[in-house]
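Visitor: Hi, could we look through this one together? I'd like to start somewhere in the middle and work outwards.

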Amino acid sequence: MDEHNDPMHEPDDDNGQRGGSGGTLIQDPVPGRSHAGEARMPARIGRYELLEQLGRGSMGTVYAAYDPFSQLKVAIKVANPGLIDESRHGRRMRRLFFNEAHAAGVLNHPNILKIFDAGVEGDTCFIVMEFLGGVRTLAEFTQPERLLPIHEAVAMVYRLASALDYMHGKGVVHRDIKPSNILVASDGSVKLADFSIAVIQGAEPGGKPLRGVMGTPLYMAPEQTCEDVVTGLTDIFALGVVFYQLLTGCHPFAAQTVEKVLWNVANFEPLPPSKLRSECTPELDYIVRRMLNKSPRRRYSRGLEAAAELSVLYQDLESIKREVDFAEKFAELGRYPFFREFTTAEMWELLHAGSWRVLAPGEVLIREGERGHAVYIVVSGYATVTKGGQVVTDGLGPGECLGELGYLVEVERTATVTAKTDLAVIELNEDALCTADGTTQMRFMKAFVRVLSWRLMETTATALGGATASAPGTPSPPRSRG
């Protein structure tokens with residue numbers, strides 16, 4: 001069994017400052033803090049300028065740092081050099097350390113801690129991740145005296161179940177869901193962290209899986225304890241354990257020894273949460289019991305199914321769903337050509353400077369012959385462009401521009417744009433953009449001119465009866481109509 005899997009390791013991990021296998025700690029610095037015997041903080045690692053030590057764990061030290069390239073504050077986890085050497089154990093620790101970057105690096109979800117970079121600088125192994133201010137772990141809220149209101153606990157689990165659904169859709173199984181691996185930021189947002197023992201199904205690092213019983217016994221599913229096939233259903237079981245703790249302040253399988261914990265996981269049926277906390281309803285009892293079913297086939301088949309049942313109980317979770325959906329769509333925007341040079345902060349500013357419009361299928365966004373001076377950027381869904389009643393383009397999707405000529409001068413629209421599916425767009429005009437920072441305006445204009453250039457090339461090619469050529473290796477141009 002993996003050496004860090006001590007049942008007494010939970011729920012208090014280094015007084016709430018996360019250690020564990022990943023050694024992640026991301027919180028605001030404590031001025032004047034020092035640790036006996038620690039190495040002097042380097043001024044720089046790679047391109048990153050180190051600002052402050054945030055904390056230490058069994059696997060590494062975490063620093064606040066500045067990335068001059070993205071102009072963002074980030075957190076850098078540096079592996080403890082004594083653990084990562086050329087010994088057999090050291091090589092294994094190195095794999096665990098970089099497995100986090102490998103697994104989490106393919107994910108981009110509002111409730112999963114983002115990994116930006118990883119590498120080796122001399123003898124230093126490091127991972128660069130999202131910085132969170134004023135962070136705590138969920139372990140704090142599993143203590144009987146610190147329990148959250150039922151509704152807040154349900155909302156957190158709803159977000160986490162949505163994150164699991166997204167993650168499993170990408171083929172990633174976490175294998176170590178527990179309160180100390182879930183971060184709570186100062187704004188109340190939750191982030192799943194520490195993917196050091198996660199597995200990407202069909203794509204293990206170096207082609208060799210991380211073998212052995214991996215995880216923390218208190219949060220292992222029955223199939224995990226006996227090295228059976230581990231799937232996303234294993235993570236759903238672990239989230240059920242976390243949910244039970246958030247509702248009751250008690251662990252459903254707690255015991256004094258690892259052997260007894262594992263026996264409880266395989267055989268013991270815990271009391272329904274309503275027997276320990278009167279505010280819990282029979283419906284919550286059912287959801288928790290199903291998440292904790294000993295048989296994977298009898299659990300929820302995916303995180304989204306669990307989230308859906310929670311939303312039936314708490315109707316206003318629909319607002320959280322909209323918030324999660326928006327954040328997921330926002331995270332995806334950076335992949336599209338129009339936004340490829342924007343920093344995260346600039347994207348947020350641009351999206352907030354504009355106004356949001358949501359259209360049902362068949363609803364008209366731009367009508368041929370009408371005057372307008374706005375440009376639209378598709379966030380989600382697809383649109384159809386027609387001219388004189390004939391379809392010009394069918395299926396303009398996320399990241400595409402619509403009506404760009406009207407942004408420069410109010411003119412009659414040359415085509416009609418209709419929502420083909422549910423369509424969400426950002427509407428921008430010159431007045432709205434003036435409220436954004438100068439750098440964001442400049443970034444927008446650069447992307448906008450690129451769109452206009454492609455538009456001109458397309459028009460010229462059509463007039464000449466030819467096709468628009470692109471240089472080898474360049475991405476497809478963002479199409480634009482209206």
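Visitor: So what covers the buried residues of helix H7?
Guide: The cover includes H2, H4, helix H6 (273-276) and helix H8 (303-313). Cover here goes by contact, meaning heavy atoms within 4.5 Å. Buried means under 20% relative accessible area, exposed over 50%, and partly exposed in between, with a 1.4 Å probe and protein chains only. Helices (H or I, at least four residues) and strands (E, at least two) are DSSP runs numbered from the N terminus.

Visitor: Anything I should know about the model itself?
Guide: It is a predicted model: local features need pLDDT of at least 70 and side-chain atom pairs count only at pLDDT 80 or more, while totals for chains, interfaces and linings use all residues. Residues are numbered from 1 along each chain as its sequence is written, and side-chain values use heavy atoms, with hydrogens and water left out.

Visitor: Back to H7, then. Which are its buried residues?
Guide: Helix H7 spans residues 282-291, and its buried residues are Leu 284, Asp 285, Ile 287, Val 288, Arg 290 and Met 291.

Visitor: H2 was in that cover. Which strands does H2 lie across?
Guide: Helix H2 (residues 150-169) lies across S9 and S10, and runs at about 35° to S10. For that angle, axes are lines fitted to C-alpha atoms, for helices over the stretch in contact, and angles run from 0 to 180 degrees between N-to-C directions.

Visitor: And what order do the strands of that sheet have?
Guide: The order is S7-S9-S10, an open sheet of three strands with antiparallel pairing. Strand S7 (136-137) and strand S10 (190-192) are at the edges with a single partner strand each, so one side of each has no neighbour in the sheet. Two strands pair if DSSP finds at least two bridges between them. S9 (residues 182-184) and S10 are joined by three bridges, and Ile 182 has Leu 192 in S10 as its bridge partner.

Visitor: Let's switch to cores. Which residues touch the most other members of the largest nonpolar core?
Guide: Leu 138, Phe 195 and Phe 243 do, in a core of 79 residues. H2 gives the largest share of this core, twelve residues. A nonpolar core is a set of buried Ala, Val, Leu, Ile, Met, Phe, Trp, Tyr and Cys residues joined through side-chain atoms within 4.5 Å. There is also a second, separate core of 17 residues, which includes Met 347, Ala 424, Ala 447 and Val 451.

Visitor: What is Phe 195 in contact with?
Guide: Leaving aside neighbours within four places in sequence, the contacts of Phe 195 include Asn 99, Glu 100, Leu 107, Met 167 and His 174.

Visitor: Ala 424 came up in the second core. Of which residue is Ala 424 the bridge partner?
Guide: Ser 380 is bridged to Ala 424, which sits in S21. Strand S15 (residues 375-380) and strand S21 (residues 423-428) run antiparallel, joined by five bridges. S15 is also joined to strand S18 (residues 401-402) by two bridges, and Tyr 376 stands opposite Leu 402 there. As for cover, six of the six residues of S15 are buried.

Visitor: How many aromatic pairs does a search of the whole structure find?
Guide: Four. Rings of Phe, Tyr and Trp (its six-membered ring) pair if their centres lie within 6.5 Å; planes under 30 degrees apart count as stacked, over 60 as edge-to-face and the rest as tilted. Tyr 48 and Phe 126 are edge-to-face, at 6.4 Å centre to centre with 65° between the planes. Tyr 48 is in strand S2 (residues 48-56) and Phe 126 in strand S6 (residues 124-130), so this pair ties together parts 78 residues apart in sequence. Both Tyr 48 and Phe 126 are buried.

Visitor: And why is the pair of Phe 237 and Phe 253 stacked?
Guide: Because the ring centres of Phe 237 and Phe 253 are 5.9 Å apart and their planes are at 10°. Phe 237 is in helix H4 (residues 232-248), while Phe 253 is in the loop between H4 and helix H5 (258-267), 16 residues apart. Phe 237 has a relative accessible area of 0%, and Phe 253 has 0% too.

Visitor: Last one: which strands does S4 pair with?
Guide: Strand S3 (residues 60-67) pairs with S4 over eight antiparallel bridges, and S6 pairs with S4 over five. S3 and S4 form a hairpin with four residues between them, where Gln 71 in the turn has a positive phi of about 60°.
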